[in-house]
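The exercises below ask you to read a fold from its overall layout down to single residues. Try each task with the structure open before you turn to its solution.

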Amino acid sequence: MLEKIFKLKEHRTTVKTEVVAGIITFLTMSYILVVNPNILSATGMDRGALFTATAIAAIFGTLFMAFIPNLPIAQAPGMGLNSFFAFSVVLGLGYSWEMALTAVFIQGIIFVILTFFNVRELIVKSIPSTIKYAIPVGIGLFITLLGLQNAGLIVKDENTMVTLGQMSNPHVWVALLGLITTAVLYYKKIHGAFLIGIGSATIFAVILGLVDLPQGSLVALPPDISPVFMKFQWEHIFTFDMLIV
């Protein structure tokens, strides 16, 4: 059945290979379950509900990629869009998160329509290659800046905007260990480099006493999604502010 659905032989792979790759992919990208709620909760959204929403979105997005286009690609909320949502639209421009959420929903509908009529493909082809390369680099640098700031590697500075953090901070050394380990393994083309880097940093953090184990049961039902589910502000849909967002 798996062969018939996913055409494993045609793609020169096996069930074992895909299972191992899937586990590594999940463990490597599971950071989004923490980072996405942390970013979006800065707008006032419920952190627990965001955790559940992030997991549900990743599950359905990944299953869609598996059974519709038959591609081994895991989906999760975009780290560029959530940052723009929280820091630019809500905290920067001062709009409510409900309005921003409405804008994201409308954007999704427009994106589907453009894809259905092949307009999206025409737009993608019309963008110069230099800009295509610059966009992910720009988003990556922004996310890197947030990561370095959260790790304490860089801190705010009145004169130079940012400066090197306190090297006496144990969190800094945990981050450096994870980064260096991942970079070396990736350069040597070792499979699972990101997973090993995350694992080594986690173990180091446990040794330094920086990890707090959850209180009570290790297994529990996910938080309620209702505080953020379908919380739209339709009264702003035809306003100039919505057009800007």
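**Exercise 1. Is Leu-81 buried, partly exposed or exposed, and which residues does Leu-81 touch?**

Solution. The model is a predicted one, and the steps below should be read with that in mind. Begin with the location: Leu-81 belongs to helix H5. Next take the accessibility, where the relative accessible area of Leu-81 is 41%; because the partly exposed class runs between under 20% for buried and over 50% for exposed, Leu-81 is partly exposed. Then look for partners beyond four places in sequence, and you will find that Leu-81 touches Val-104 and Gln-107. As a last check on distances, the C-alpha atoms of Leu-81 and Gly-152 are 24 Å apart, with 71 residues separating the two along the chain.

**Exercise 2. Describe the overall architecture and surface of the protein chain.**

Solution. Start by counting secondary structure elements, which gives 11 helices and two strands. Their order along the sequence is α-α-α-α-α-α-α-α-β-β-α-α-α. For the extent, the C-alpha atoms fill a box of roughly 55 × 55 × 45 Å along the principal axes. Turning to the interior, 22% of the 245 residues count as buried, while 54% of the contacts between residues at least 6 apart in sequence join residues at least 24 apart. The exposed area comes to about 17,200 Å², of which carbon and sulfur atoms supply 71%. Finally, the charges: 13 side chains are positive and 12 are negative, and the centres of these two sets lie 17 Å apart.

**Exercise 3. Which residues of helix H3 are buried, and what covers them?**

Solution. First list the buried residues of H3, namely Ile-32, Asn-36, Pro-37, Ile-39 and Leu-40. Viewed down the helix axis, these buried residues of H3 fall within an arc of 165 degrees, so they line one face of the helix. The cover over the buried residues of H3 includes helix H2 (15-29), H4 and H5.

**Exercise 4. Work out the surroundings of Asn-36, and identify the side chain with which its own side chain makes a polar contact.**

Solution. Asn-36 sits in helix H3, which spans residues 32-40. Its relative accessible area is 3%, and because the cut-off for burial is under 20%, Asn-36 is buried. Setting aside neighbours within four places in sequence, the contacts of Asn-36 are Thr-54, Pro-77 and Asn-82. Of particular interest here is Thr-54, since the side chains of Asn-36 and Thr-54 make a polar contact at 2.8 Å.

**Exercise 5. Examine the backbone of Asn-70 and Asn-118, and state where each residue lies and how accessible each is.**

Solution. As background, most residues other than glycine have a negative phi. For Asn-70, phi is near 60 degrees, a positive value in a residue other than glycine. Asn-70 is in the loop between helix H4 (47-67) and helix H5 (79-90), and with a relative accessible area of 19% Asn-70 is buried. Asn-118 likewise has a positive phi, near 60 degrees, and lies in the loop between helix H6 (97-116) and helix H7 (119-126). The accessibility of Asn-118 is given by a relative value of 46%, which places this residue in the partly exposed class.

Notes
Residues numbered from 1 in each chain as written. Predicted model: local features only at pLDDT ≥ 70, side-chain atom pairs only at ≥ 80, totals over all residues. Heavy atoms only, no water. Helix = DSSP H or I, 4+ residues; strand = E, 2+ residues; numbered from the N terminus. Buried < 20%, exposed > 50% of the residue type's maximum accessible area, 1.4 Å probe, protein only. Contact = heavy atoms within 4.5 Å. Areas by Shrake-Rupley, 256 points an atom, 1.4 Å probe, with all protein chains shown as cover. Lys, Arg positive; Asp, Glu negative; His and termini not counted. Charge placed at Lys NZ, Arg CZ, Asp CG, Glu CD. Polar contact = N/O pair within 3.5 Å; in protein donor to acceptor, adjacent residues only side chain to side chain. Arc of directions from axis to C-beta.
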